[in-house]
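Colleague: Take me through one part of this model in detail, please. I'd like the small sheet and whatever lies across it, with your cut-offs as you go.

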There are 2 protein chains.
Amino acid sequence: MITRLAALALTIATPVIADPLPSWTDTDTKAAIIGFVEAVTDPASPDYVTPADRIATFDNDGNLWAEQPVYFQLTYAIERLQEQAEADPSILTSDTLRAAAEGDMEGMLAGGTEGLMEVLAVSHSGMSVEAFQADVSDWLDTATHPTTGMLYGDMIYQPMLELLRYLRDEDFQTWIVSGGGVHFVRAFAEDAYGIPPEQVLGSATPTEFDEETNEIMKLPGIAFVDDKAGKPVGIDSRIGRRPIFASGNSDGDFQMLAYTMAGDGPRFAMLLHHTDAEREFAYDRDSHVGGLERGLDEGPDRGWVIVDMASDWSRIWP
Amino acid sequence: MITRLAALALTIATPVIADPLPSWTDTDTKAAIIGFVEAVTDPASPDYVTPADRIATFDNDGNLWAEQPVYFQLTYAIERLQEQAEADPSILTSDTLRAAAEGDMEGMLAGGTEGLMEVLAVSHSGMSVEAFQADVSDWLDTATHPTTGMLYGDMIYQPMLELLRYLRDEDFQTWIVSGGGVHFVRAFAEDAYGIPPEQVLGSATPTEFDEETNEIMKLPGIAFVDDKAGKPVGIDSRIGRRPIFASGNSDGDFQMLAYTMAGDGPRFAMLLHHTDAEREFAYDRDSHVGGLERGLDEGPDRGWVIVDMASDWSRIWP
């Protein structure tokens, strides 16, 4: 009896705490994340932050899911452009659009950012938001990645899913702040990450309200670019509070991290460094997507945590 | 003993249900609101809606707080413009701005909507969002209404506070979708209505991220007008779901209500009709603020509930 009581007492005194981040190896990175979360959620801690202010923001491409060899949304856009051009070749009004429709990546990329925006503008407009998102969902159900052969929607990072869930379990709001299109990301963010549409910010086409159909229609053009200095602007516009936690992987996230860290009190910023050519991809300074240079140079001195995918993650995919 | 048990059983069987809307009189309006909420929250109801889709949107001026004789934000803007002009008269570059600085309402209103936007643009820019919101808070702590003598921040509607709380208790998200400035409304929405900044949409000045100070700066001009057809556009952009409940009071809310009601399944739209000259204000078709004409003409046929302030509300202020 005494033994049973003692065993019971021991069970109560030292409960087995489940590891909230099982796909993260036991490195300083994991310890830093958990240490931060415990400090801001412990009411007895000097670093305690009320739940309402526990805003965490995440980049999407290359941070929650993969982004090589090109942003998945661009692959989608090119396929849709090709279909549209088959029905009506007259929509191909520039060299960039013609290159995209022919699958000539080099020719398309020669148009620079403006060229990419043109491809998105033509392929993502002239339909309702609802119809667009249904189409994105359909595409994600079947389209596969050129080198891994996986469904794009399966190329999300298991360690980041665990981090999102861990933060939400600790009463953080987890927001996506993506350079990708807001309507595109919302089409899968809830299924993929458990993040509802109202917590997804992104770049955006202009839209208008059609008073005949009561639908929101997507128009050609770019209304907002949620990248670089656009990220803190978007966060202020949509969230209205400075995050206390920010996670990105490229220099497009630099300003979001700087904005996050400049507030008072405890703060956490991390950059995912793609170092794992074997299990995922390895790229940084010279990459044409997800380039990371200034973050590597300045991040550590600013107290930002650099996550080394190869050593900090024990697995990549769910 | 039997008596005590019976009494206990009776207590359990017929608990006293607190009235969720005590400042609403027992009219068809109140019954319609409660009937809708009960239908969409009862899992056994054919009209059941999952909590995630329980999005409710509210106009602010004239709907959650008063808006006569002019929008309170405009009063704030004029006072700030006067202060700025004392320090630097050269900012008064137009007849509208000069009229505003002299307190000449008629002269200012002669500039139309563009004139008002000019007053807002000049008085609401050149500072950080944080500094702006601190100033709005200070103003609301002391500024009083010209006819009631009340603090502006006290001129919020008790029946609407009860409705907001009732909806939140039933797992609705309550959003503000205001024609007023998003930074202005956020400065008091949490204290006044229990609505956090991330659930406030509004009109907006352009902003930019200052990489030296890591602050968001307000710039002159207008980036978004969250009124009329802008309301559904803003809702799509920020929330990404069609609301199931919408509440407004002017023709500026017409498209928000139409958008809300055009979705599938159970829907609720209401328009607050200002009919109470004695306790608040009475105005509709010809009012220079909060004009309500099309809503009165078409609303009832569309199934929208018209709230009669004089008869549906037993009290106005908290």
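Modeller: Here is the sheet, strand by strand, followed by the way the two chains are related.

Bear in mind that this is a predicted model, where local features need pLDDT of at least 70 and side-chain atom pairs count only at pLDDT 80 or more, while totals for chains, interfaces and linings use all residues. Residues are numbered from 1 along each chain as its sequence is written, and chains are lettered from A, with ligands numbered from 1, in the order in which they are written.

Start in chain A, where three strands make an open, antiparallel sheet in the order S2-S6-S5. Strands here are DSSP runs of E with at least two residues, and helices are runs of H or I with at least four, both numbered from the N terminus. Strands count as paired if DSSP finds at least two bridges between them. At the edges of the chain A sheet sit S2 (127-128) and S5 (207-210), each pairing on one side only. S2(A) is held to S6(A) (residues 215-218) by two bridges, and these strands run antiparallel. One pair to click on: A:Met127 has A:Lys218 as its bridge partner in S6(A).

Now hop over to chain B, which also has an open, antiparallel sheet of three strands, ordered S2-S6-S5. S2(B) (127-128) and S5(B) (207-210) have a single partner strand each, so one side of each has no neighbour in the sheet. Between S5(B) and S6(B) (residues 215-218), which run antiparallel, there are four bridges. Look at B:Glu208 there: B:Met217 is its bridge partner in S6(B).

What lies across the chain A sheet comes from the other chain: helix H10 of chain B (residues 230-238) lies across S5 and S6 of chain A, at about 125° to S5(A). For that angle, axes are lines fitted to C-alpha atoms (for helices, over the stretch in contact), and angles run from 0 to 180 degrees between N-to-C directions. Contact means that the C-beta atoms of two residues, placed from the backbone, lie within 7 Å.

As for the chains themselves, a turn of 180° with a shift of 0.0 Å along the axis lays chain A on chain B with an RMSD of 0.0 Å. That's how a two-fold axis relates its copies. The C-alpha of chain A nearest that axis belongs to A:Arg238, 3.3 Å away. The superposition is by least squares on C-alpha atoms of residues with pLDDT of at least 70 in both copies. The copies meet through the same surface, because 100% of chain A's interface residues are interface residues in chain B too.
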